[in-house]
Amino acid sequence: MSAHCQVHGTSPGFGHSVSHSHVRTKRRFDPNIQTKRYWVPSLGRKVTLRVSARGIKTIDRRGIDAVVADILARGEKV
């Protein structure tokens, strides 16, 4: 499964690992994706979301109803 946040759309970044001798090799910066279950009162059921740590903070701040409404408005399945 891809490292993709359903709230922010955060996906992996790419860059280089630079060694002590300055040899550069490709690497991937993955977001901190976690699977969380939330009770959504407007839907009357629990939903499972794949969210980053930043997405969890956004849900805490805005509320799960507002975040799920945005996800559904984008056409994603929850």
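Glycine 75, just after helix H2, takes a positive phi of about 95° in this predicted model. A comparable backbone setting occurs at the end of the other helix discussed here: just after H1, glycine 63 has a positive phi of about 100°.

**Helix H2 and its buried face**

The buried residues in H2 include Ile64, Val67, Val68 and Ile71. Viewed down the axis of H2, the buried residues fall within an arc of 95°, so they line one face of the helix. An α-helix has 3.6 residues a turn, so residues three or four places apart point the same way. The cover over the buried residues of H2 includes S3, S4 and H1.

**Helix H1 and its two sides**

In H1, the buried residues are Gly55, Ile56, Thr58 and Ile59. These residues cover an arc of only 160° around the axis, which puts them on the same side of H1. They pack against S3, S4 and H2. On the face of H1 turned away from this buried side lie the exposed residues Arg54, Lys57, Asp60 and Arg61.

**The nonpolar core**

The largest nonpolar core has 16 residues, and the members that touch the most others are Val7, Tyr38, Val47, Leu49, Val51, Ile59 and Ile64. Two or more residues each come from strand S3 (33-40), strand S4 (45-52), helix H1 (53-62) and helix H2 (64-73). The greatest contribution is that of H2, which gives 4 residues. In soluble globular proteins, nonpolar side chains tend to be buried together.

Valine 51 illustrates the contacts made by one of these core members. Leaving aside residues up to four places away in sequence, valine 51 touches Cys5, Val7, Asn32, Ile33, Gln34, Lys36, Ile56 and Ile59.

**The loop between S3 and S4**

Proline 41 lies in the loop between S3 and S4. With residues up to four places away in sequence not counted, proline 41 touches Ile64 and Asp65. Proline 41 and arginine 27 are 14 residues apart along the chain, and their C-alpha atoms are separated by 41 Å.

**Charged side chains**

Arginine 27 also takes part in an interaction with a ring: its charged end sits over the ring of phenylalanine 29, 3.8 Å from the ring centre. By contrast, a search of the whole structure finds 0 aromatic pairs.

The structure holds 3 salt bridges, which are listed below.

| Basic residue | Acidic residue | N to O distance |
|---|---|---|
| Arginine 28 | Aspartate 30 | 2.8 Å |
| Arginine 62 | Aspartate 70 | 2.7 Å |
| Arginine 74 | Glutamate 76 | 3.2 Å |

The accessibility of the paired residues can be taken bridge by bridge. Arginine 28 is partly exposed, its relative accessible area being 42%, and aspartate 30 is partly exposed at 48% relative accessibility. In the bridge between arginine 62 and aspartate 70, arginine 62 is partly exposed at 45% relative accessibility, while aspartate 70 is partly exposed with a relative accessible area of 34%. For the remaining bridge, arginine 74 has a relative accessible area of 45% and is partly exposed; glutamate 76, at 26% relative accessibility, also counts as partly exposed.

Definitions and conventions:
Residues numbered from 1 in each chain as written. Predicted model: local features only at pLDDT ≥ 70, side-chain atom pairs only at ≥ 80, totals over all residues. Heavy atoms only, no water. Core = buried A, V, L, I, M, F, W, Y, C linked by side-chain atoms within 4.5 Å. Buried < 20%, exposed > 50% of the residue type's maximum accessible area, 1.4 Å probe, protein only. Contact = heavy atoms within 4.5 Å. Arc of directions from axis to C-beta. Salt bridge = Lys/Arg side-chain N within 4 Å of Asp/Glu carboxyl O. Phe/Tyr/Trp six-rings, centres within 6.5 Å; stacked < 30°, edge-to-face > 60°. Lys NZ or Arg CZ within 6 Å of the ring centre and 35° of its normal.
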